[in-house]
Amino acid sequence: MSITRPKLYLSKWAENGKRFDVPDSVSDTAMGKANIQTGFPEVTMKSVLNGGVPPWGQDHNGILNRLTQDIQWEQAGGMPVFNASLCNKMIGYPLGAELRSTRYPYVSYVNMVEGNLENPDNSTNIDSYWNGTRLGNGWAIKTILSKDPDNISYLDSDFRILTKVAGAQTNLYVRLSDKSNEEQAKKIANGSKEKPFIHPQDAINAIPDGGNGNICMWHSDIFTLDSWNISRKNVIFYPWFADDDKTITDLQNILVEHIYFFSVYLMKNYPRVQVNINIKKGAVIPNTYDPGLFSGNGGKVEFYGFNFIATQKIPDGFTMNGASPFSPQITYQFVGCIFTNVNYLDYWFNGWQNSITYDIKFDHCLIEGNKKQFINLKNGTVNINTSTDEDWTWIKELTERDIGYLQGNNSRAYLEKRSSYNNFDMKIIGYLNKDQDKPIYYPNGLNTNFDLVFD
């Protein structure tokens, strides 16, 4: 038979009644007064006819009030701290005793030796504590995870501590669930193919900060860029297909048959992962709209075969006020990606931080939509690298093979134009002569691997 859970003491005994504060030692025992060391004096155990004195009801209330106060404190989660007087009285804390630190609210100690007289709060060096191979002061530390960005341990979705080596690659899977079953899916999701996460951020959170991970997103789902933050992580996003997907099998067969090897991400019919970029009215600044945000703090991200679609146009008379879907402080690489409806937003990338270097690489990408400024130049430095735009005709001439399956790419043609940049200006970087009347100009805060066209 299991032990019944005790009822809670929502009130202490005699909380509103008459009671004495029973002292630890000295009391008027002749008058029947109790104290902790003596208890009720012997005179209260005699009949009044034999010279005895009745015990005081206030003493009863006082003692029970003190006991239920202690029980109530423990039921509320109270945890004791080291007490030298109690320690000496007990001749040391017993094995397994737990104490709370008075220095750190998130630290507690477990006693690993019998009769421990040491005060765990007196030690300031981590090497002074017990760790399994070292006795130290006999106290083991229980604490929480550090916020250090280089930490390779983290809590999983079930609040268990996991530790991963930062350099290890991890494959995590994301697939949208039936929204009616979303809470259940969150409970059982672990990032495997069988139990995929339902939100990309859940997969990102499963990668330790400073670590590396591959996130595979189901190709036919439509995701929304709301707020994805990779912090200092290095993340690669891939489309995820069924193992027997015929479309992918056919594309792979084309690669095998072709004399030149091309990635499937460069193929027109490749089923790209769709990520919608929505906008919402700015909550603080009037006449502004904020897009969904991909952010981080020193991390690196690569997207292979994605289609980013702006779903709504910024209304006339409104601006994005410096916000952009892809924030700085991250190194970006896009391979075989498409940016759709680029003219719906004021810009897609925004270098708004002082002294921040913004590295962006476009490898055979397609930028679609009426001409619009794509990158906002501000106080930081934006480094842009693009692959050469190719029409693939040379392949047809060389191999006499059809090239209709290859996707067009225009990232260089788009980004080489001065009109693709907001806040574009020039700075003097030198002079052609000693008189310094023939300055040499260079774009301010912009470095490219191609020449700019001043349209």
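This dialogue walks through a sheet and some salt bridges in a predicted model.

Biologist: How are the strands of the open sheet ordered, and is the pairing parallel or antiparallel?

Modeller: Strands of a sheet pair through backbone hydrogen bonds, and the pairing can be either parallel or antiparallel. In this predicted model, eight strands make up an open sheet, with the order E6-E7-E10-E15-E17-E20-E23-E27 and parallel pairing. The edges are strand E6 (171–174) and strand E27 (446–448), each of which pairs on one side only, and from one strand to the next the twist averages 15 degrees.

Biologist: How many bridges join strand E23 to E27, and which residue is the bridge partner of Asn383?

Modeller: Strand E23 (residues 381–386) runs parallel to E27 and is joined to E27 by three bridges; the partner of Asn383 is Asn447 in E27.

Biologist: How many salt bridges does the count come to?

Modeller: Side chains of opposite charge can pair when their charged atoms come close. Here the count comes to five salt bridges, and one of them links Arg66 with Asp24, whose closest N and O atoms are 3.4 Å apart. Because Arg66 lies in helix H1 (residues 57–75) and Asp24 in the segment before H1, this pair ties together parts that are 42 residues apart in sequence.

Biologist: In the salt bridge between Asp121 and Arg103, which residue is buried and which is partly exposed?

Modeller: The side chains of Asp121 and Arg103 meet at 3.8 Å, N to O. Asp121 has 11% relative accessibility and counts as buried, because the cut-off for buried is under 20%, whereas Arg103, with a relative accessible area of 33%, is partly exposed.

Conventions:
Residues numbered from 1 in each chain as written. Predicted model: local features only at pLDDT ≥ 70, side-chain atom pairs only at ≥ 80, totals over all residues. Heavy atoms only, no water. Pairing = 2+ DSSP bridges. Helix = DSSP H or I, 4+ residues; strand = E, 2+ residues; numbered from the N terminus. Axes fitted to C-alpha atoms, helices over the stretch in contact; angles between N-to-C directions. Salt bridge = Lys/Arg side-chain N within 4 Å of Asp/Glu carboxyl O. Buried < 20%, exposed > 50% of the residue type's maximum accessible area, 1.4 Å probe, protein only.
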